[in-house]
Amino acid sequence: MHILMVTGEYPPMTGGVGDYTRLLARALIRNGLRVQVAATTGTPTTGRGGPDEPEVLTLPRRWGRGHKLAIARMARAEPDSWIHVQYQTAAYRMNPEVNRSPAAWVAQGLRVAWTYHDLLPPYLFPLAGNALRQRVTLAPGRTSRIVISTNREDADRLAQAGIRAEVSPVGSNIPIAPLKPRERAELRDSWQAQPGEPVIGCFGLAGRTKGLQTLVEAARLLKSRGTDLRIVIIGGTPGASDRSNAAFLQSLQNAIRTAGLEDRVHWTGALSDREVSRALSACDLMVQPYTEGASTRHGSLMACLDHGCATITSTPLSDGWLAPGVPTVPPLDFLALVSRIACLAASPEKRAAAAAAARASAADRSWERIADQHAALYAAAA
């Protein structure tokens with residue numbers, strides 16, 4: 001069976017959808033499937049670099065009619081082929097043309113699978129109503145033979161629209177790299193953390209939904225109460241060309257300065273997977289306070305759980321996937337976050353219990369299991 005993965009981003013371009021596509025493609029190859037990736041990155045992308053690396057075919061950045069034709073041609077060139085689109089409207093620069101493509105492929109007799117990484121609608125034109133934008137967002141789900149959601153809450157919303165979606169959560173996008181005690185101490189020293197000082201990490205692209213402002217407000221209150229923390233923001237920042245991202249980052253920097261935390265916050269910038277893993281392991285506590293609640297769509301959270309980090313996160317959007325013992329707080333509730341951080345920072349025993357709960361939460365979300373689920377879906381819908 002041949003799978004042609006279509007994505008709007010792919011490594012070395014940063015982004016969760018790109019990481020997800022690469023890791024799923026590699027796991028499917030290990031599962032015995034033939035996989036190619038068509039990436040609309042516009043610039044040359046990493047090609048085949050090992051036995052489990054897919055061939056990467058680079059397409060122009062802006063989606064258009066030529067993309068539909070090229071992808072259809074690639075799929076027809078291989079026997080027993082699927083076109084599988086990894087969809088998040090931001091990854092395609094809010095362009096609705098990708099949403100219209102499945103209908104054209106299906107009309108040509110091609111098999112299409114569609115994974116919703118979220119249900120945010122694309123841009124259409126000024127004053128386009130929400131109903132029209134939602135119709136464009138849902139159109140691929142009504143046409144594709146297989147529909148997948150990375151989280152239960154979006155699957156429920158799709159069901160309300162009459163679309164049945166399988167739930168396949170995101171796995172960790174960061175392989176675990178070993179970190180010796182001496183190396184851990186050296187890394188913490190590079191962050192200017194003092195001996196015995198709690199180091200609080202937050203991992204992921206530093207966008208507005210990560211809850212960083214909630215963390216800063218909690219750290220400000222903890223400082224006023226005499227608790228000094230070292231905050232390490234692990235990862236890069238969204239593109240500065242996006243005005244809303246630039247405005248958010250400026251607002252966040254202002255909040256850090258107003259709180260008097262400029263010498264307490266360390267930004268790592270973009271790191272390799274190995275460096276991210278080592279940074280996660282060097283922190284005492286991870287705080288992932290997503291503004292809209294924790295979800296299985298968050299690869300950054302899955303990485304923290306998979307590494308066995310004691311992790312505080314937001315109350316999940318849907319029940320049943322976090323193991324008992326993972327500490328949670330309501331979204332945007334910095335007072336509850338203050339209490340949780342103070343409790344865990346002061347107790348190695350409670351951090352150890354939270355770390356064990358984190359490992360239990362990640363136990364059934366390996367890429368091998370995710371690939372097995374996908375392979376079964378392809379076979380059942382063939």
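These legends describe four close-up views of a predicted model.

**View 1. An open sheet of six strands.** The strands follow the order 10-9-8-11-12-13, and their pairing is parallel. Strand 10 (265-269) and strand 13 (328-329) stand at the edges. Each has a single partner strand, so one side of each lacks a neighbour in the sheet. Strands of a sheet pair through backbone hydrogen bonds.

**View 2. Strands 8 and 9, with helix 9 across them.** Strand 8 covers residues 199-203, and strand 9 covers residues 230-234. The two pair in the parallel sense over five bridges. F203 stands opposite I234 of strand 9. Helix 9 (residues 273-282) lies across strand 8, strand 9 and strand 11 (285-288). This helix runs at about 155° to strand 9.

**View 3. Helix 10, mostly covered.** Helix 10 spans residues 299-306, and seven of its eight residues are buried. These are G299, S300, L301, M302, A303, C304 and L305. Their cover includes strand 8, helix 9 and strand 11. Strand 12 (311-314) and helix 12 (348-362) are also among the covering elements. After helix 10 comes G308, with a positive phi near 70°.

**View 4. T137 in helix 4.** Helix 4 holds residues 130-143, T137 among them. Is T137 buried or exposed? T137 counts as buried because its relative accessibility is 0%, and buried means under 20%. Leaving aside residues up to four places away in sequence, T137 touches N99, Y116, L119, L120, P121 and P122.

Definitions and conventions:
Residues numbered from 1 in each chain as written. Predicted model: local features only at pLDDT ≥ 70, side-chain atom pairs only at ≥ 80, totals over all residues. Heavy atoms only, no water. Pairing = 2+ DSSP bridges. Helix = DSSP H or I, 4+ residues; strand = E, 2+ residues; numbered from the N terminus. Contact = heavy atoms within 4.5 Å. Axes fitted to C-alpha atoms, helices over the stretch in contact; angles between N-to-C directions. Buried < 20%, exposed > 50% of the residue type's maximum accessible area, 1.4 Å probe, protein only.
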